[in-house]
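Have your viewer open and your selection tool ready. We will walk through a predicted model one selection at a time.

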Amino acid sequence: MKQLHVEFDLPALLAAQAGLDVDNLSLQARRLLALFLFEHGRLSLGKACEIGGMSYWEFADLNRQLGIPFGYSESDLQDDLVRLSSV
């Protein structure tokens, strides 16, 4: 898959106020972008996890920490269980 490189300047004060870890800023930015796109229906759960470099459980936990509704229904669970049973 073709990769895109995105670079931007972020004032250190803003990063500190947002509680971002400046030593791990790139990963945090990727995760926040994945969360935002998932929350707004632009990415599937799987793709959001892939972009953010997280497992489903890590993604769900980060959603919880940030107060973002996860939107994983009982129907989604049943679908996942069917997929897992066929592996």
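## A tour of helix packing and pockets

Helices H2 and H4 are roughly perpendicular to each other, because their crossing angle falls in the range of 65 to 115 degrees. To see this for yourself, select residues 56-66, which form H4, together with H2; their axes come within 11 Å and cross at roughly 80 degrees. Now show the side chains where the two helices touch: Arg31, Leu32, Ala34, Leu35 and Phe38 belong to H2, and they meet Phe59, Leu62, Asn63 and Leu66 of H4. Colour this contact by class and you should find 7 nonpolar, 1 polar and 1 charged residues.

**Next stop: the neighbour H3**

Keep H2 (residues 25-39) on screen and add H3 (residues 45-52). Here the axes come within 8 Å, with a crossing of roughly 170 degrees. H2 is therefore roughly antiparallel to H3. If you care about handedness, the crossing of H2 and H3 is right-handed. On the H2 side, pick out Leu27, Arg30, Arg31, Ala34 and Phe38; their partners in H3 are Leu45, Ala48, Glu50, Ile51 and Gly52. Sorted by class, the contact of H2 with H3 holds 6 nonpolar, 1 polar and 3 charged residues.

**Then switch on a surface**

Which residues lie closest to the centre of the largest pocket? Select Leu4, Val6, Arg30, Leu33 and Ile51, the closest to the centre among the 21 residues that line this pocket. The space inside comes to about 840 Å³. H2 and H3 are the elements that give two or more residues to its lining, and H2 gives the most, with 7 residues. The lining of the largest pocket is made up of 12 nonpolar, 4 polar and 5 charged residues.

**Last stop: the second largest pocket**

The second largest pocket has about 250 Å³ of space. To outline it, select Leu45, Tyr56, Trp57, Ala60, Phe70, Tyr72, Leu77, Asp80, Arg83 and Leu84. H4 and H5 (74-85) are the elements that give two or more residues to this lining. Which element supplies the largest share of the lining of the second largest pocket? That is H5, with 4 residues. Colour the lining of the second largest pocket by class to finish: 8 residues are nonpolar, none are polar and 2 are charged.

Conventions: Residues numbered from 1 in each chain as written. Predicted model: local features only at pLDDT ≥ 70, side-chain atom pairs only at ≥ 80, totals over all residues. Heavy atoms only, no water. Axes fitted to C-alpha atoms, helices over the stretch in contact; angles between N-to-C directions. Parallel < 35°, antiparallel > 145°, perpendicular 65-115°, else oblique. Left-handed = near helix turned anticlockwise from the far one by under 90°. Contact = heavy atoms within 4.5 Å. Nonpolar A, V, L, I, M, F, W, Y, C, P; charged D, E, K, R; others polar. 1 Å grid on protein atoms, 1.4 Å probe; cavity = no way out; pocket = protein on both sides within 12 Å on 5 of 7 lines; lining within 4 Å. Points joined across faces, edges and corners; volume = space filled by probe spheres on them.
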